[in-house]
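Grab the model and work through these exercises on how helices and strands pack. Try each task before you read its solution.

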Amino acid sequence: MSSSFASLPLVVDGLRKSYAGTEVVAGLSFSVAPGTCFGLLGPNGAGKTTTLRCCLGLTAPDGGSIRLAGLPVPADAAEARRRVGVVAQADALDPDFTVAENLLVYGRYFGLPEATIRARIPELLDFAGLAGKADARVPALSGGMKRRLTLARALVNDPDIVFLDEPTTGLDPQARHLIWERLKALLARGKTIVLTTHFMDEAERLCSRLMVIDHGRTVAEGAPRELIRREIEPAVVEVFAEFAETGEAPAVADWARAHENLAERIEIVGETAFFYCCDANPLQAALADEPGLAYVHRAANLEDVFLKLTGRDLRD
């Protein structure tokens, strides 16, 4: 491995992992530059969490190589994890402890002196928007507060790299936006973030580079705006029926198929037709003559790319 790769926060080469004869990670390779946010996207069961667990040395890979914080994993995983912060999907906070005690106990796992941890607690709570909550017990916190406390706990050892596995799932928009601002602040301080998320707007806002995986394999990689330009038409028109008090709207699917020449590509999902266009003007003109149809015209986004690459079928 070259010295340039060895100095990167995370380098994964040919990672493989199988369970019960099924390969859930099938030769993934990627690297993460310092001071950036790298996103790992994919539907449920794509292999995201298994990949993170392998990177952290919590799951032994079947093949490939991993270097985390310059150290080989799993051989030196324990030492590498001392330089890392982790926000898992489950908060795993101790309900019997106060907010400050959760930070204090967690800091001891890294061998930090108690005085050092106590000195960091006010700054961590302020960063997480929990100033004044040091003596509150975990059950008294809202879901957003618990998630922010988990983020603060992940920073107690002042890590260079932070792993976040779906950090804002289940949060309301206000809490989600607050966590986004805190993560941007970490990037501004030179921290490196490895993120998995189901929120495409989260990935667009935070990630400088991301990789979409499905069935354990890479299906696309690049900067968010680059992927949108490369993988999808620039304009999307969503067409759906607008039922009036009198009369019925035309069948959306039939209308869409009759006008598919007005788009580069169409998808029909339930009662909505998605037209993917380079030029939406002819389609909008045709829709103006259909009072029973309504539509939304918007720019293509990362969610469109994700659905094109991984499909619209539900995953368990």
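**Exercise 1. Find how the axes of helix α9 (residues 224–231) and helix α12 (residues 302–310) cross, and which residues make the contact.**

Step 1: the two axes come within 9 Å and cross at roughly 60°. Axes here are lines fitted to C-alpha atoms, for helices over the stretch in contact, and angles run from 0 to 180 degrees between N-to-C directions. Helices (H or I, at least four residues) and strands (E, at least two) are DSSP runs, numbered from the N terminus.

Step 2: with that angle, α9 is oblique to α12. The cut-offs: under 35 degrees counts as roughly parallel, over 145 as roughly antiparallel, 65 to 115 as roughly perpendicular, and the rest as oblique.

Step 3: the α9/α12 crossing is left-handed, meaning the near helix is turned anticlockwise from the far one by less than a right angle; clockwise would be right-handed.

Step 4: α9 brings Pro-224, Leu-227, Ile-228 and Glu-231 to the contact, and α12 brings Leu-302, Val-305, Lys-308 and Leu-309. Contact means heavy atoms within 4.5 Å.

Step 5: sorted by class, that contact has six nonpolar, no polar and two charged residues. Ala, Val, Leu, Ile, Met, Phe, Trp, Tyr, Cys and Pro count as nonpolar, Asp, Glu, Lys and Arg as charged, and the others, Gly among them, as polar.

A word on the source: this is a predicted model, where local features need pLDDT of at least 70 and side-chain atom pairs count only at pLDDT 80 or more, while totals for chains, interfaces and linings use all residues. Residues are numbered from 1 along each chain as its sequence is written, and side-chain values use heavy atoms, with hydrogens and water left out.

**Exercise 2. Do the same for helix α6 (residues 143–154) and helix α7 (residues 173–188).**

Step 1: their axes come within 10 Å and cross at roughly 15°, which makes α6 roughly parallel to α7.

Step 2: the crossing of α6 and α7 is right-handed.

Step 3: on α6, look at Gly-144, Arg-147, Arg-148 and Leu-151; on α7, at Ala-175, Leu-178, Ile-179, Arg-182, Leu-183 and Leu-186. By class, this contact has six nonpolar, one polar and three charged residues.

Step 4: α6 also lies across β6 and β7 (161–165), running at about 165° to β6.

**Exercise 3. Work out the strand order and edges of the open sheet of six strands.**

Step 1: the order is β6-β7-β8-β3-β9-β10, and the pairing is mixed. Two strands pair if DSSP finds at least two bridges between them.

Step 2: β6 (84–87) and β10 (217–222) are the edge strands, each pairing on one side only.

Step 3: neighbours in this sheet are turned by 15° against each other on average, direction ignored.

Step 4: β3 (residues 37–41) and β9 (residues 209–214) pair in the parallel sense over four bridges, and Leu-41 stands opposite Val-212 in β9.

**Exercise 4. Trace the open sheet of four strands and its hairpin.**

Step 1: this sheet reads β2-β1-β4-β5, with antiparallel pairing. Its edge strands are β2 and β5 (71–73), and the twist averages 30° from one strand to the next.

Step 2: eight bridges join β1 (residues 10–19) to β2 (residues 22–32), and Tyr-19 has Thr-22 as its bridge partner in β2. The hairpin has two residues between the strands, and Ala-20 takes a positive phi near 50° there.

Step 3: helix α2 (residues 48–55) lies across β1, β2, β4 and β5, at about 120° to β1.
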